[in-house]
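Please open the model in your viewer with the whole chain shown as a cartoon, and keep a selection command ready. The tour moves from one sheet to a single enclosed strand and ends with the overall dimensions.

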Amino acid sequence: MWLSRGCVKAATSSVGRRLSRAVAGGRRKSHAAAAAAAAVAVAAFMPEAAGFQGVRDRAGLHEFSVASKENFWAAVARRRLDWISPFRGVLDCDMERGKVSWFRGGQLNVSVNCLDRHARGSPEKVALIWERDEPGSEVKVTYRQLLEMTCRAGNLLRRHGVKRGDCVTIYMPPCPLAVASMLACARVGAAHNVVFAGFSAEALAERIRDARSSTVITVNESVRGGKVTRLKATVDQAVRSCPTVRQVFVVMRTDTPVAMTTADVAMEEEMMSEDVVCEPAAMDSEDVLFLLYTSGSTGKPKGLVHTQAGYLLYTALTHKYVFDYHDGDVFGCVADIGWITGHSYAVYGPLANGGTTVLFESTPVYPDPGRYWEMVERLKINQFYGAPTAIRLLLKYGDQWVRKYDRSSLRTLGSVGEPINTEAWEWYHSVVGDGRCPVVDTWWQTETGGICIAPRPSEPHAEIVPGMAMRPFFGIKPALMDGQGQVVTSDGASGALCLTQPWPGMARSIHNDHQRFVDTYFKTYPGYFFTGDGAHRSEDGYYQITGRLDDVINVSGHRIGTAEIEDVVNHCSAVAESAVIGCSHHIKGQGVYAFVVLKQDAQEADLASQINSSVSNKIAKYACPDHIQFVQRLPKTRSGKIMRRVLRKVVERDLDGLGDLSTLDDPAAVQEIIQGHRDLCAKQEKSSSSSSSSSSHDDGK
Ligand code: WTA
């Protein structure tokens with residue numbers, strides 16, 4: 001009190017005026033000093049920021065990247081990519097027609113950016129650690145070795161007539177030669193089309209035909225979870241219906257010989273006689289780098305097209321900043337190279353940054369549920385990037401499998417592919433990460449090329465909310481759309497998630513079907529890229545993905561994300577995981593159908609009422625499941641995604657419409673679920689008929 005009165009008095013006297021000027025000057029100086037320190041800090045964080053006017057902190061950097069996207073991306077592209085000839089234009093874009101191009105006029109070679117420039121400075125640095133299925137038998141490949149391998153493969157492809165503009169289909173498990181094959185395509189200017197090695201012959205053939213590949217690269221056999229699969233035999237079967245295929249290169253993963261036809265080439269053997277120098281093709285920024293097939297909600301799989309410079313730049317930048325990757329770190333993305341996550345974060349992002357990346361060939365439970373963490377200890381992994389489904393699976397086995405191993409090398413934990421429920425998030429954070437590592441829930445899609453929303457980068461120590469992707473990456477400006485197609489401006493609101501402006505990593509087209517590209521992504525909300533996902537923006541402006549919009553159900557006119565219900569169900573202590581879908585309901589329009597997997601030793605008794613009261617307490621009564629079917633396991637793709645489409649068909653009793661089950665990890669799961677559904681229906685009918693007779697009796701009373 002006294003002090004404040006004294007200050008007021010001093011400020012009114014002339015001495016006081018001088019004093020207050022001096023104080024203000026001091027404050028200005030200290031403001032200036034603080035601003036300068038902040039500018040230094042942000043430039044240390046991202047050197048390009050030094051050239052961005054008015055950028056003082058990381059939030060400012062994000063604002064700049066959105067408001068001045070061309071300046072931002074041009075600066076990043078100049079600094080982080082090696083160009084054969086510099087680009088002239090930064091961005092050409094017509095979102096309504098789905099026409100986007102970045103860095104026009106620029107020429108570069110992606111394999112040079114991923115290999116040569118690192119091999120020059122640090123040839124003996126490890127580029128790949130191939131974590132083979134057999135634990136403890138990992139193989140390390142240096143940048144020099146990977147460059148040589150890639151050059152030999154590139155020369156071999158060239159000698160066999162593969163040229164710029166061709167598309168090579170790669171049907172291989174994660175292994176160094178698969179990566180060298182991808183990069184060899186990039187070296188000679190061919191596009192690659194990696195098909196997940198779990199796809200059936202038919203699915204493979206469909207993709208080969210659509211891509212019009214003349215060349216396929218495969219292995220004799222794959223080994224996963226101790227199980228051997230004859231991939232070459234699948235390729236043999238597939239190519240019978242692919243007239244475009246002229247040659248199949250075969251790599252020997254195991255010692256088991258395979259029958260070779262005249263079209264087959266023993267790849268490793270032939271590579272031995274190739275030169276270790278291979279002239280890189282000068283590729284235009286917008287030439288195709290790869291096709292990657294992914295499922296749409298309807299119709300045949302679509303081959304999304306990604307191009308050279310923008311994709312590489314975007315994966316490099318997201319890899320560095322979302323995961324806080326530093327030189328010397330070991331990056332462990334356990335996704336298969338057959339999916340976009342494997343492309344962007346097991347291969348292109350880490351290699352563009354000169355990093356060391358793990359190629360994981362096994363499963364989370366082979367030979368036991370400690371596999372990931374034993375690998376983390378053995379390889380000293382610094383960033384671990386996996387899928388929620390695996391986390392939920394491991395959670396079921398208990399903490400001891402984690403605690404057994406030293407995980408002190410871990411600095412960042414990543415999650416991708418589906419919403420991560422809070423229980424799994426908490427377990428990942430507190431048990432796997434010992435509460436020390438930021439968990440980054442990364443939202444993105446095959447279409448986006450790289451991570452678009454994630455908790456990092458942000459100010460150091462900025463809060464991370466469990467189960468939320470939270471913050472848009474540099475250059476990403478999301479919008480939520482309401483039912484009328486209008487932009488939702490308020491926070492604390494939900495809507496259809498769109499991205500309002502182009503970013504370098506976005507897909508450029510659907511192979512052979514640009515119109516489908518336009519219709520799927522740019523027609524629903526003209527001028528915007530529509531992701532197909534729903535999202536909620538919290539009062540704090542953070543994004544939470546609520547799931548595919550086709551997974552949103554409408555119960556008595558109330559919209560509810562199935563993911564939201566799953567989150568609550570999964571929180572029940574006896575529940576390992578669940579899948580919730582909408583089912584038709586004669587009064588409410590749609591009802592809620594929950595498939596629930598229990599933890600080991602958990603009992604079914606009373607669980608239904610426990611689940612119902614949890615849902616009713618945490619969301620609302622209307623969200624309570626109408627049906628709960630306890631199952632041993634859920635139908636999943638081999639990449640771990642729950643196939644809700646299959647569950648919906650079972651519940652709709654449309655067994656003829658189950659569609660292609662070849663991508664399922666374990667097709668037997670479906671039969672169990674069909675039977676379980678029948679039993680549940682029979683039980684419910686019985687109890688409703690007995691309750692209706694008792695109710696009629698009651699009525700009669
Ligand atoms: C979902 C995988 C919630 C989403 C990289 C998206 C997610 C689809 C998340 C793309 C996440 C991906 N939280 N949902 N962090 N990440 N998804 O093409 O529905 O295999 O549209 O790409 O997965 O799957 P895709």
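Two strands are said to pair if DSSP finds at least two bridges between them, and the strands themselves (E, at least two residues), like the helices (H or I, at least four residues), are DSSP runs numbered from the N terminus. This is a predicted model, in which local features need pLDDT of at least 70 and side-chain atom pairs count only at pLDDT 80 or more, while totals for chains, interfaces and linings use all residues. Residues are numbered from 1 along each chain as its sequence is written, and side-chain values use heavy atoms, with hydrogens and water left out.

Select residues 383–386 and 412–416 to begin. These are strands β18 and β19, which pair in the parallel sense over four bridges, and Tyr385 stands opposite Gly414 in β19.

Now widen the selection to the open sheet to which these strands belong, whose seven strands follow the order β5-β4-β17-β16-β18-β19-β20 with mixed pairing. Its edge strands, each pairing on one side only, are β5 (139–142) and β20 (439–442). On average, neighbouring strands here are turned by 20° against each other, direction ignored, where axes are lines fitted to C-alpha atoms (for helices over the stretch in contact) and angles run from 0 to 180 degrees between N-to-C directions.

Next, add residues 176–188, which form helix α7; this helix lies across β4 (126–131), β5 and β17 (356–360), and runs at about 135° to β4. Contact here means heavy atoms within 4.5 Å.

Then move to residues 302–307, strand β15. Is this strand enclosed or open to its surroundings? Six of its six residues are buried, so β15 is largely enclosed by the rest of the structure; buried means under 20% relative accessible area, with a 1.4 Å probe and protein chains only. Lys302, Leu304 and His306 point one way from β15, whereas Gly303, Val305 and Thr307 point the other way.

To see the neighbours of β15, select residues 288–294, strand β14, which pairs with β15 in the antiparallel sense over six bridges, with Val305 as the bridge partner of Leu291. Residues 509–510, strand β23, run antiparallel to β15 and are joined to it by two bridges, and there Leu304 stands opposite Ile510.

Finally, zoom out to the whole protein, whose secondary structure comes to 21 helices and 30 strands. Along its principal axes the C-alpha trace spans about 95 × 90 × 55 Å, and 56% of the 701 residues count as buried.

Methods:
Buried means under 20% relative accessible area, exposed over 50%, partly exposed in between (1.4 Å probe, protein chains only).
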